[in-house]
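This report covers charged pairs, a ligand shell and a hairpin. The sequence and model come first.

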Amino acid sequence: MPEKTSVEARLGVDKWDLDRQSHIRIADQELCRKCVKKPCLIVCPAKVYRWENNAITVNYAACLELRACYVACHEYGNGAIEWDYPNGAKGIVFRYG
Ligand code: SF4
């Protein structure tokens, strides 16, 4: 049976061509403060979202472009995430996994 590779190890071999502008935006932090479940903190395997100083922060540079955060936010949160793909061919360049 082949040896299992951890998610962290798989992500470690991916490569990014970083856009200067974030492709993820929080429309209104007040929506996040009132968001009970905050699913964005749970669904993203790259931990793009953090809850710091009573606000959501977004580390778009780590985004894997799964868009799970957008779906979770709009289905189970308060719909604050605005999300689009990075400009041109910028963003994640998958190598493995
Ligand atoms: S799920 Fe959406 S509304 Fe809720 S905290 Fe996260 S970004 Fe804000």
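A residue is partly exposed when its relative accessible area falls between buried, under 20%, and exposed, over 50%. Lys90 has 33% relative accessibility, so Lys90 counts as partly exposed. The model is a predicted one.

## Salt bridges

How many salt bridges does the structure hold? There are three. The table lists them.

| Pair | Closest N to O distance |
|---|---|
| Asp17 and Lys90 | 3.4 Å |
| Glu82 and Arg25 | 2.9 Å |
| Arg33 and Glu30 | 3.1 Å |

Start with Asp17 and Lys90, joined by a salt bridge. This pair links distant parts of the chain, 73 residues apart. Asp17 sits in strand β1, residues 15–17. Lys90 lies in the loop between β5 (81–83) and β6 (91–93). Asp17 is partly exposed because its relative accessibility is 35%.

Glu82 and Arg25 form another salt bridge. They too connect distant parts of the chain, with their positions 57 residues apart in strand β5 and strand β2. Glu82 belongs to β5, and Arg25 to β2 (residues 24–26). Glu82 has 36% relative accessibility and so counts as partly exposed. Arg25, at 46%, is also partly exposed.

The pair of Arg33 and Glu30 is local. Both residues lie in helix α2, residues 29–33. They are three residues apart, about one turn of the helix. Arg33 is partly exposed at 36% relative accessible area. Glu30 is partly exposed at 34%.

## Ligand shell

Which residues surround the ligand? The cysteines among them are Cys32, Cys35, Cys40 and Cys73. The isoleucines are Ile26, Ile56 and Ile81. Lys38, Pro39, Asn78 and Ala80 complete the list. By class, the shell has nine nonpolar residues, one polar and one charged.

## The β3–β4 hairpin

Strand β3 covers residues 49–52, and strand β4 covers residues 55–58. The two strands pair in the antiparallel sense over four bridges. Glu52 has Ala55 in β4 as its bridge partner. The hairpin has two residues between its strands. What sign does the phi of Asn53 take in this hairpin? Asn53 takes a positive phi, near 50°.

Definitions and conventions: Residues are numbered from 1 along each chain as its sequence is written. This is a predicted model: local features need pLDDT of at least 70, side-chain atom pairs count only at pLDDT 80 or more; totals for chains, interfaces and linings use all residues. Side-chain values use heavy atoms; hydrogens and water are left out. A salt bridge is a side-chain nitrogen of Lys or Arg within 4 Å of a carboxyl oxygen of Asp or Glu. Buried means under 20% relative accessible area, exposed over 50%, partly exposed in between (1.4 Å probe, protein chains only). A residue is near a molecule or strand if one of its heavy atoms lies within 4 Å of it. Ala, Val, Leu, Ile, Met, Phe, Trp, Tyr, Cys and Pro count as nonpolar, Asp, Glu, Lys and Arg as charged, and the others, Gly among them, as polar. Two strands pair if DSSP finds at least two bridges between them.
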